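Thanks for coming, everyone. I'll keep this short and go feature by feature. Please put the model up on the screen.

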Amino acid sequence: MNTFQENYDVIVIGAGHAGVEAALASSRMGTQTLLITINLNMLAFMPCNPSIGGSAKGIVVREIDALGGEMGRNIDKTYIQMKMLNTGKGPAVRSLRAQADKDLYAATMKQTVERQENLTLRQGVVDELLVEDGKISGIRTSTGTKYGAKAVIVTTGTALRGEIIIGELKYSSGPNNSLASVTLADNLRDLGFEMGRFKTGTPPRVLGSTIDYSKTESQPGDEKPVHFSFLSKDADYLKDQIPCWLTYTSATSHDIINKNLYRAPMFSGIVKGVGPRYCPSIEDKVVRFADKPRHQLFLEPEGRSTDEVYVQGLSTSLPEDVQFELLRSIPGLEKAEMMRPGYAIEYDMIMPHQLRPTLETKKISGLFTAGQTNGTSGYEEAAGQGIMAGINASLKIQGKESLILKRSEAYIGVMIDDLVTKGTLEPYRLLTSRAEHRLILRHDNADMRLTAIGREIGLVDDARWAVFEAKKAQFERELLRLKTTKLKPTPATNEKLGAMGFAPLKDALSAADFLKRPEVDYACVVKFIGEASETLDPHVIELIETETIYEGYIKKAFAQVEKMQRLEAKKIPADIDWDALDSIATEARQKFKKINPETLGQASRISGVNPADISILMVHLQGKR
Ligand SMILES: Cc1cc2nc3c(=O)[nH]c(=O)nc-3n(C[C@H](O)[C@H](O)[C@H](O)COP(=O)(O)OP(=O)(O)OC[C@H]3O[C@@H](n4cnc5c(N)ncnc54)[C@H](O)[C@@H]3O)c2cc1C
C-alpha cells in the first residue's frame, strides 16, 4: 500500500508545450493539479526553431486559444515578428507564423503557470508510475517521494531515454544537454507499453554580430499583423518587429557534406531513430535532392535579449569540425561564430494506437499521454494534445462525459484521430492536406467552431465568453443584414457600378449574393447598402466575406460531414469478439484487434481496412442490435 506525500486530482509529468497546456486546462477546470518537471528553467522551452505557427500549425494555436488554452496568448505577448502565410491562396490554408523571443516566451508562460489557481508547480524527476489493479494511483520521483493522483498525464517529450548525437559522439541527454529521463522509459516498458524510437535534429546557433547581413535578404513580418489569440487586440501590434534573413547553401557547402558523408551519423548507422520526413537534416537534403544547386536557409533571431541566431534549414548531426567548415561556406556566415553545434536527438515514444481518442491509455485507466511522447513533432502538435489530455483527465475525475473533437471540428481532432487510429511510424507533423474538411477548419473561424465547447466543459472563462458572444452576435446581425438587404437594378445603382468598373445589375439581388461576385469585397458592398449601425470587428468582416464567398463549398463540405457523422455515430461495443466476424479480411481482423476502434467511422479510417470489411462489420452490429 503506497503512502503519499501529497494527493492531487491530476499530475502532469513534464512542463514542455504539452505539459503546460494540460496542467493549465485541468486546473482552470477546477481540478487540483501538480505539474512536475525535471528543470523549472526549461518550462515551455523551445529546443528547436524559435517560432510558433506555420501552415496548419497556426490554426492549431487558434484552436487551443478558442478552447481556453494559453499558447496563443503567450506568443502574442512575446513575438518579435508575425506573418500571415499563404495570403495569396484560399482561406483554408491561411495561417499565422510568429518568430518568438524564446526566453521571454518561456518566462511569460512560467509566470502564468505560477499564478494559476489549483495548480502546483514542482521540480523533480519522475521515475515510476504507480498502478493498482490496472488503475493509476500516483507517481514516485527519483528522491523516493510519492504523490497520489486520480489521473496522470505523461508529456515527457524528447527527454524520454534521450540521446544526443554529434558525429561519432552519442550520449544520454535531453535537449540542450538537459537531464534525460531513462528510468521512467524503462518503467513504461515494464508496464507493457509498445515503445518506438524516434529522432529529430536541430541546426547550429551562431552569434548575430558575426553575420554579414549584406549577403542575405531581409524577411520582414507583416506591417500591421493580426494575432493568434481571439483576446488580443490587433491594434496593439508590435511596432518594432525584428526581421529574419534569407541565405542559401553554396556548392562548397554541398561538397563539404558529400566529402564527409561517411562521418554523418545518419549514414554511418549511429542514428537508429526514425526522423521527421518534413524536417530533414541538411545532409539528408543534399543526398536526397542532389540535383538542387542550393538550399534555402533562414537566419532567425532567437530573441531581443540575446544575439543567438538559429540557422533554419541547416539541421545536422555532422561532426563539429565539419559544422565549423560548413558554416563558413555559407554566404553571410563566412566569419560567423558558432555558439552551439547542431545535433540529433533520439528518444523513446509510446506507439499511439495504444490510446483511446481521449488520449487515455487503453492499458491503464486514468493514465494519459500527450505531445512528442505520442509520436508527433512540433510545439503546436504537442500543445494541442496537451490541452485535450488535461480536459479529459479533468472530465474523467468529475465523472463527466469525455471530449473527443471530431475531424470536422478541429485540426486537433484530425491529429488525435490519425494517431490513435492509424498510429505513426515516423514523427507526425500536421499538414493541411491531412484534413478532409479543411475549408471548415480555417484560421478565421476557430472560435466559432470551439469556444462554445470550451465553455460547456468549464474551460472558457467569463471574459473570453463575453468577447466571443459579442463577436458572434455581431457576425450574425451583419450576415442577416447582408442576406436581407437587396440591391435593385436602379439607374443610380448601375451608374455607381459602372463608375466602379462593375457590370450593371439586371435583376435585384441580396447584398450577400452581390458579395459573391469575384471582384467584390465587403468594403464595396457597404458602398451600396450603407455602413453597419455599429463599428464592426475586422475579424467579423473577414468571417462574413469567407462564409459568404465560399458558402456553396462550405455547404458541400458540411453535407460530406453529415454523411460521415452517420458512420461516426455507430458505436462498436468494447467487448466485441473480432473472431466472430469470420468473413472479414485477415488484415482487417488483425488491425481491429490491435486498435479496437470505438466507432464504425474510426474503423473505416484504419489503414488496410477495406469498405467490404466495414459493410460486414455494419451488418454484424445491426444483427447484434
Ligand atoms: C533537438 C530538437 C530538435 C527539434 N526539431 C524540431 C523540428 O525541427 N520541428 C518540430 O516541429 N519540432 C522539433 N522539435 C520538437 C519540439 O521541440 C517538440 O515537438 C516539442 O517541444 C514537444 O513538446 P512536448 O511538450 O511534447 O515535449 P518537450 O517540449 O520535450 O517537454 C518535455 C518536458 O518533460 C520533462 N520531462 C521528461 N521526462 C521527465 C520525467 N521523468 N520527470 C519530470 N519531467 C520530465 C522534460 O524535462 C521537458 O521539460 C525538436 C526538438 C528537439 C529536442
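Start with H539. It sits in helix α17, residues 538–549. Keep in mind that this is a predicted model. Is H539 buried or exposed? Buried, because its relative accessibility is 17% and the cut-off is under 20%. What does H539 touch, once residues up to four places away in sequence are set aside? The contacts are V226, D234 and K471. Take D234 from that list. H539 and D234 are 305 residues apart along the chain. Their C-alpha atoms are separated by 9.8 Å.

Now K516. This lysine is in the loop between α15 (511–515) and α16 (522–529). K516 has 32% relative accessibility, so it counts as partly exposed. Leaving out neighbours within four places in sequence, K516 is in contact with T548, I549 and E551. Compare its position with G144. In sequence, K516 and G144 are 372 residues apart. In space, C-alpha to C-alpha, they are 66 Å apart.

Let's step back to the whole chain. The protein has 21 helices and 22 strands. Its radius of gyration is 26 Å, and the globule rule gives 25 Å for 625 residues, so the protein is as compact as a globular protein of that length. Along the principal axes, the C-alpha atoms fill a box of roughly 80 × 70 × 50 Å. Buried residues make up 57% of the 625. What about contacts along the chain? Take those between residues at least 6 apart in sequence: 73% of them join residues at least 24 apart.

Next, the cores. The largest nonpolar core has 71 residues. Which members touch the most other members? They are M388, I391, L405 and I412. Helix α10, residues 379–397, gives the most to this core, with nine residues. Look at M388. Not counting residues up to four places away in sequence, M388 touches L67, T358, L359, L403, L405, I412 and I416. There is also a second, separate core. That one has 24 residues, including L482, L509, F528 and V540.

L359 was on the M388 list, and its backbone deserves a look. Most residues other than glycine have a negative phi. L359 has a positive one, near 75 degrees. Where is L359? In the loop between β19 (343–350) and β20 (367–369). L359 counts as buried, because its relative accessibility is 1%.

N118 is another case. Its phi is positive, about 60 degrees, and N118 is not a glycine. N118 also lies in a loop, between α4 (102–114) and β6 (119–123). With 25% relative accessibility, N118 counts as partly exposed.

On to helix α6, residues 251–259. Which residues of α6 are buried? S253, H254, I256 and I257 are. Viewed down the axis of α6, the buried residues fall within an arc of 160 degrees, so they line one face of the helix. What do they pack against? The partners are α8 (282–288) and α9 (320–328). On the other side of α6, A251, D255 and K259 are exposed.

Now the rings. The count comes to six aromatic pairs. One of them is W465 with F468: the ring centres are 5.3 Å apart and the planes are at 35 degrees, so the pair is tilted. For reference, tilted covers what falls between stacked, under 30 degrees, and edge-to-face, over 60. Both W465 and F468 lie in helix α13, residues 462–484. They are three residues apart, about one turn of the helix. An α-helix has 3.6 residues a turn, so residues three or four places apart point the same way. W465 is buried, with a relative accessible area of 19%. F468 also counts as buried, at 6% relative accessibility.

Last item: charges over rings. R434 lies over the face of Y428, at 4.0 Å from the ring centre. The charged end of K496 sits over the ring of F528, 5.0 Å from its centre. F528 came up earlier, as a member of the second core.

That's my list. Over to you.

Note on methods:
Residues are numbered from 1 along each chain as its sequence is written. This is a predicted model: local features need pLDDT of at least 70, side-chain atom pairs count only at pLDDT 80 or more; totals for chains, interfaces and linings use all residues. Side-chain values use heavy atoms; hydrogens and water are left out. A nonpolar core is a set of buried Ala, Val, Leu, Ile, Met, Phe, Trp, Tyr and Cys residues joined through side-chain atoms within 4.5 Å. Buried means under 20% relative accessible area, exposed over 50%, partly exposed in between (1.4 Å probe, protein chains only). Helices (H or I, at least four residues) and strands (E, at least two) are DSSP runs, numbered from the N terminus. Contact means heavy atoms within 4.5 Å. The arc is that of the directions from the helix axis to the C-beta atoms. Rings of Phe, Tyr and Trp (its six-membered ring) pair if their centres lie within 6.5 Å; planes under 30 degrees apart count as stacked, over 60 as edge-to-face and the rest as tilted. A charge sits over a ring if NZ of Lys or CZ of Arg is within 6 Å of the ring centre and within 35 degrees of the ring normal. The radius of gyration is taken over C-alpha atoms; the globule rule is 2.2 Å times the number of residues to the power 0.38.
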